[in-house]
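Visitor: I would like a close look at a single part of this model. Please start from one residue and work outward from there.

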Amino acid sequence: MSIDTAIHVHGPSRSSAYLDWLQMLTGAGLILFMWAHMILVASVIIGPGVMDAIAHFFEATYMAQVGGPIIGLIFLLHFMLAARKIPFQADQQSIIWKHSRMLAHRDTWLWLVQVVTAMIILIMGAIHMWVVLTDLPITAAKSAARIQGGFWMGFYLILLPLVELHVGIGLYRIAVKWGFIRRDKRSGMQRFELVVTSAFIFIGLMALLRFYFLAI
């Protein structure tokens, strides 16, 4: 008696390809935004007046009032697009975990890190955006008061490395998936991504310390 062991897999549709392309574009846009955001926040290291001047420019041109909600929508859209491939059910999570351990493939583990960080960033990032955008204008003094009071220092010490890990891995995976780097260049790209991620985490920590010790 013969046993049919064929596995029928549906090929990727054109709509799926378009959604993947949109996911890449929204991800790349958010990477650029996070780098620009870090420049704004890190400007407090130079001086509170520098940060206030940059923030005032964004608010005077309504880039903060209009751009903030737009970034929030892009943030949500990107998550919804990525969620198409995230295993939410317990049995699916068990399978992907077993396969990841069996394959011992670095890029697979990087994808898992992105999934876990995405879930946490979705909640913590939404809280951060709500707190900032409902308390305009943005000033160094306000940011320092928030960091120095309550649980916010711990909040950002968790959020900072999660965001930078997610962004760094996202940059690497975009470059790999869309053919911007060849297979033999992946190790070099991984080292570059590690350096960039570490640099942004360091800059972010310096900014947090500057806020923490800023006289208000």
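Visitor: Leaving aside its neighbours within four places in sequence, which residues is Glu 193 in contact with?

Guide: The model is a predicted one. In it, Glu 193 is in contact with Gly 168, Ile 169 and Tyr 172, once neighbours within four places in sequence are left aside. Glu 193 itself lies in helix α8. Its relative accessible area is 7%, and the cut-off for buried is under 20%, so Glu 193 is buried.

Helix α8 is the part to look at next. It runs over residues 186-212 and has 27 residues. From its first C-alpha to its last it reaches 38 Å, close to the 39 Å expected at 1.5 Å a residue. Glu 193 is one of several buried residues in α8. The others are Arg 186, Met 189, Gln 190, Val 196, Thr 197, Phe 200, Gly 204, Ala 207, Leu 208 and Phe 211. The unreviewed UniProt entry annotates residues 192-213 as a transmembrane region. Over that span the chain is 95% helix and 0% strand, with its end C-alpha atoms 32 Å apart.

Two of those buried residues, Leu 208 and Phe 211, also take part in a contact between helices. There, Leu 208, Phe 211 and Tyr 212 of α8 meet Ala 140, Ser 143, Ala 144, Ile 147 and Gln 148 of α6. By class, the residues of this contact are six nonpolar, two polar and no charged. Two packed helices are described by the angle between their axes and the distance between the axes. For α6, which covers residues 140-148, and α8, the axes come within 8 Å and cross at roughly 90°. The two helices are therefore roughly perpendicular to each other.

The partners of Glu 193 lead to another helix. Gly 168, Ile 169 and Tyr 172 touch Glu 193, and helix α7 spans residues 152-177. This helix has 26 residues and reaches 36 Å from its first C-alpha to its last, close to the 38 Å expected at 1.5 Å a residue. Just after α7, Gly 179 takes a positive phi of about 75°.

Helix α7 also holds His 166. At 19% relative accessibility, His 166 counts as buried. Not counting residues up to four places away in sequence, His 166 touches Gln 114, Thr 117, Ala 118 and Ile 121.

The UniProt annotation "binding site", again from an unreviewed entry, covers His 166 together with His 37, His 78 and His 128. His 128 lies in helix α5, residues 106-133. Its relative accessible area is 18%, and His 128 is buried. Beyond residues up to four places away in sequence, His 128 touches His 37, Phe 155, Tyr 156 and Leu 159. Two of the annotated histidines, His 37 and His 128, are thus joined by a contact in the model.

His 78, also under that annotation, is among the buried residues of helix α3. Also buried in α3 are Ala 64, Gly 68, Ile 71, Gly 72, Phe 79 and Leu 81. Helix α3 covers residues 63-82, has 20 residues and reaches 27 Å from its first C-alpha to its last, close to the 28 Å expected at 1.5 Å a residue.

The axis of α3 comes within 5 Å of that of helix α2 (residues 48-60), and the two cross at roughly 80°. These helices, too, are therefore roughly perpendicular to each other. Phe 57, Phe 58 and Glu 59 of α2 make the contact with Met 63, Ala 64 and Gln 65 of α3. This contact has four nonpolar, one polar and one charged residues.

For the setting as a whole, the protein has eight helices and zero strands. Buried residues make up 36% of its 216 residues. Among contacts between residues at least 6 apart in sequence, 78% join residues at least 24 apart.

How values were computed
Residues numbered from 1 in each chain as written. Predicted model: local features only at pLDDT ≥ 70, side-chain atom pairs only at ≥ 80, totals over all residues. Heavy atoms only, no water. Axes fitted to C-alpha atoms, helices over the stretch in contact; angles between N-to-C directions. Helix = DSSP H or I, 4+ residues; strand = E, 2+ residues; numbered from the N terminus. Parallel < 35°, antiparallel > 145°, perpendicular 65-115°, else oblique. Contact = heavy atoms within 4.5 Å. Nonpolar A, V, L, I, M, F, W, Y, C, P; charged D, E, K, R; others polar. Expected span 1.5 Å × (residues − 1). Buried < 20%, exposed > 50% of the residue type's maximum accessible area, 1.4 Å probe, protein only. UniProt positions renumbered as here; feature names shortened; annotations may be inferred.
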